[in-house]
Amino acid sequence: QGLPRDEIQLIEAARRSLRVWLGPCNRFFGKARRARGQWVHKLSADCPRKLIRWLRKAEQDRHALTCVAVVGVSAFMLRRWREVHIARARMAMRQLVWYKALFAA
């Protein structure tokens, strides 16, 4: 390819970060590979159904964990913004009291 090495590394890093962000069960990044070996023939007939059920449950758990984390971060940020707003309002009130006292005297 005609890309410099730094650009290739940046593209690969972006791809890896997308894989981490989107999770292991994403259909856009996972490559379907066929299992090989003798153990494949020893699997039961309902193995694909069990595997799909397990993967679906893992995906639901990951989604629930992500939602809980987002809600927790949002609650923390809202609380922090409220605290900062209250602190700024208190400082403004103190300054107003000082200005009133200064100019009233």
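Glu59 and Arg62 are 3 residues apart in helix H2 (residues 47-104), so about one helical turn separates them. The side chains of this pair meet in a salt bridge, with an N to O distance of 3.1 Å. Both partners have intermediate accessibility. Glu59 is partly exposed, at 28% relative accessible area. Arg62 is also partly exposed, at 26%. The model is predicted, and the values reported here are computed from it.

A second pair in helix H2 follows a related pattern. Arg79 and Glu83 lie 4 residues apart, about one turn of the helix. Their side chains form a salt bridge at 3.6 Å, N to O. Glu83 is partly exposed, with a relative accessibility of 36%. Elsewhere, salt bridges with shared partners join Asp46, Arg49 and Lys50 into one network. Within this network, Lys50 bridges to Asp46, and the closest N and O atoms are 3.7 Å apart. That distance satisfies the criterion, because a side-chain nitrogen of Lys or Arg must lie within 4 Å of a carboxyl oxygen of Asp or Glu. Lys50 is partly exposed at 46% relative accessibility. Asp46 is partly exposed as well, at 25%. For Asp46, the assignment holds because buried means under 20% relative accessible area. In the whole model, the count comes to 6 salt bridges. In general, side chains of opposite charge can pair when their charged atoms come close.

The overall fold was examined next. The secondary structure consists of 2 helices and 0 strands. The chain has 105 residues, and buried residues make up 2% of them. The accessible surface of the chain is about 10,500 Å². Carbon and sulfur atoms account for 63% of that surface.

Part of the surface is organised as a nonpolar patch. The patch is formed by Val73, Phe76, Met77, Leu78 and Trp81. Together these residues expose about 530 Å² of accessible area. Trp81 is placed in helix H2. Trp81 has 53% relative accessibility and therefore counts as exposed, since the threshold for that class is over 50%.

Pockets were also evaluated. The largest pocket has a volume of about 280 Å³. Its lining comprises 11 residues. Closest to the centre of the pocket are Ala35, Val40, Leu43, Pro48 and Leu51. By residue class, the lining divides into 8 nonpolar, 1 polar and 2 charged residues.

Taken together, the results cover side-chain pairing, surface and pocket. Helix H2 holds the Arg79 and Glu83 pair, and the same helix includes Trp81. Glu59 and Arg62 also belong to helix H2. The network joins Asp46, Arg49 and Lys50. Trp81 is one of the residues of the nonpolar patch, while Leu51 is among the residues closest to the centre of the largest pocket.

Key
Residues numbered from 1 in each chain as written. Predicted model: local features only at pLDDT ≥ 70, side-chain atom pairs only at ≥ 80, totals over all residues. Heavy atoms only, no water. Buried < 20%, exposed > 50% of the residue type's maximum accessible area, 1.4 Å probe, protein only. Areas by Shrake-Rupley, 256 points an atom, 1.4 Å probe, with all protein chains shown as cover. 1 Å grid on protein atoms, 1.4 Å probe; cavity = no way out; pocket = protein on both sides within 12 Å on 5 of 7 lines; lining within 4 Å. Points joined across faces, edges and corners; volume = space filled by probe spheres on them. Nonpolar A, V, L, I, M, F, W, Y, C, P; charged D, E, K, R; others polar. Patch = residues over 30% accessible without salt bridge, like charges linked within 9 Å, V, L, I, M, F, W, Y side chains within 5 Å.
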